[in-house]
Amino acid sequence: MGVHGVKAVFFDLDNTLVDTAAAGRCAIEEVVNALRSKHHYGEGEARGICDKVQEKLLKECHDPAKMCITDLRISHWEEAIRETVGGEANRSLAAECYFLWKATRLRHLTLPEDTRDMLTELRKAVRLLLLTNGDRQTQREKIEACACQPYFDAIVVGGEQKEEKPAPSIFHYCCELLGVQPAECVMVGDSLDTDIQGGLNAGLRATVWLNKSMAAPADASPVPHYVIASVLDLPAVLQKIEHKVNAKLGTDRAAGGTEAP
């Protein structure tokens with residue numbers, strides 16, 4: 001691997017290398033419990049507040065030039081509390097909920113041992129880069145929490161760049177960082193809209209979609225080159241790509257050898 005074919009692999013972070021969704025569910029349960037036991041909210045009210053926050057997170061549009069992510073997310077909790085139970089704004093309770101949610105989510109973000117082992121082995125043959133969208137502070141805190149820095153040659157956070165995935169520019173920046181060409185790189189991620197579409201936009205050699213449920217995508221979705229159910233299936237895919245490259249090189253050499261002098 002790496003001589004004629006793949007020289008670098010770009011990995012998404014959230015729900016690709018670490019289970020951010022599961023960590024988020026644990027964090028929500030922690031807040032629900034605190035709202036019930038410490039602040040005497042009913043089960044329905046506590047869950048209603050958390051459901052509203054999750055809706056706001058999904059729709060979140062953050063401009064770091066106007067507001068820091070901490071203030072924005074405390075505001076999500078403040079609005080959710082007011083929308084659910086009425087009354088005056090309660091900024092202090094909102095802040096308590098936010099920091100509990102954040103700390104619990106970070107505590108549950110772990111890079112599994114088998115994934116660490118895979119990255120260590122892959123790095124012996126190719127260069128590895130972590131490419132994650134999102135706010136600078138939020139993503140850097142996640143990276144620190146799961147301690148994944150030692151496994152990568154470079155880490156690129158979308159919130160620190162002019163454009164995020166799926167813009168080709170951020171992929172080309174990653175190529176420049178590693179000193180490789182797009183046609184020598186593979187993108188691995190769980191999002192068809194950002195990871196796969198971005199890899200296609202940038203002209204990478206291959207895109208690998210992590211589809212844990214193996215559910216069929218929507219008809220209009222970008223089409224990845226490969227689909228895997230677990231990130232641990234990636235080495236086998238890279239071997240397939242390498243075999244294709246070697247087969248093509250052999251065919252090209254054979255064709256070249258039959259040409260008239």
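Which side chain does a polar contact join to that of His 76? I opened the notebook with this one, keeping in mind that the model is predicted.

**Entry: His 76**

I found the partner to be Glu 60, with 2.8 Å between the two side chains in a polar contact. I placed His 76 in helix α3, which runs over residues 69-85. Its relative accessible area came out at 8%, so I noted His 76 as buried. I then listed what touches His 76, leaving aside neighbours within four places in sequence: Val 53, Lys 56, Leu 57 and Glu 60. Glu 60 therefore turns up in my notes both as a contact and as the polar partner, with His 76 buried at 8%.

**Entry: the nonpolar cores**

Next I looked up the largest nonpolar core and found 35 residues in it. Val 9, Phe 11, Leu 130, Phe 152, Val 186 and Leu 234 have the most contacts inside this core. Helix α9, residues 234-257, gives the most to it, with four residues.

I picked Leu 130 for a second look. Setting aside neighbours within four places in sequence, I found Leu 130 in contact with Phe 11, Asp 12, Leu 13 and Leu 17, and also with Ile 143, Cys 148, Phe 152, Ala 154, Ile 155 and Val 156. Apart from the largest core I found another, of 20 residues, including Val 31, Leu 35, Ile 81 and Tyr 98.

**Entry: aromatic rings**

Tyr 98 led me to the aromatic pairs, and the structure holds three. One of them joins Tyr 98 and Trp 101: the ring centres are 6.1 Å apart and the planes make an angle of 35°, so I logged the pair as tilted. Both residues sit in helix α4 (residues 91-107), three residues apart, or about one turn of the helix. I noted Tyr 98 as buried because its relative accessibility is 3%, and Trp 101 as buried too, at 5%. With Phe 99 added, Tyr 98 and Trp 101 make one aromatic cluster.

**Entry: cysteines**

How many disulfides does the structure hold? I counted zero. I wanted to see why, and took two cysteines in turn. For Cys 61, the closest cysteine sulfur is that of Cys 68, 17 Å away, so the two are too far apart for a bond. Cys 61 is exposed, at 72% relative accessibility. For Cys 174, the closest cysteine sulfur belongs to Cys 175, and at 7.0 Å that is also too far for a bond. Cys 174 is buried, with a relative accessible area of 0%.

Terms used:
Residues are numbered from 1 along each chain as its sequence is written. This is a predicted model: local features need pLDDT of at least 70, side-chain atom pairs count only at pLDDT 80 or more; totals for chains, interfaces and linings use all residues. Side-chain values use heavy atoms; hydrogens and water are left out. A nonpolar core is a set of buried Ala, Val, Leu, Ile, Met, Phe, Trp, Tyr and Cys residues joined through side-chain atoms within 4.5 Å. Buried means under 20% relative accessible area, exposed over 50%, partly exposed in between (1.4 Å probe, protein chains only). Helices (H or I, at least four residues) and strands (E, at least two) are DSSP runs, numbered from the N terminus. Contact means heavy atoms within 4.5 Å. A polar contact is a pair of N or O atoms within 3.5 Å; within protein, one must be able to donate a hydrogen and the other to accept it, and residues adjacent in sequence count only if both atoms are side-chain atoms. Rings of Phe, Tyr and Trp (its six-membered ring) pair if their centres lie within 6.5 Å; planes under 30 degrees apart count as stacked, over 60 as edge-to-face and the rest as tilted. A disulfide is a pair of cysteine sulfur atoms within 2.5 Å.
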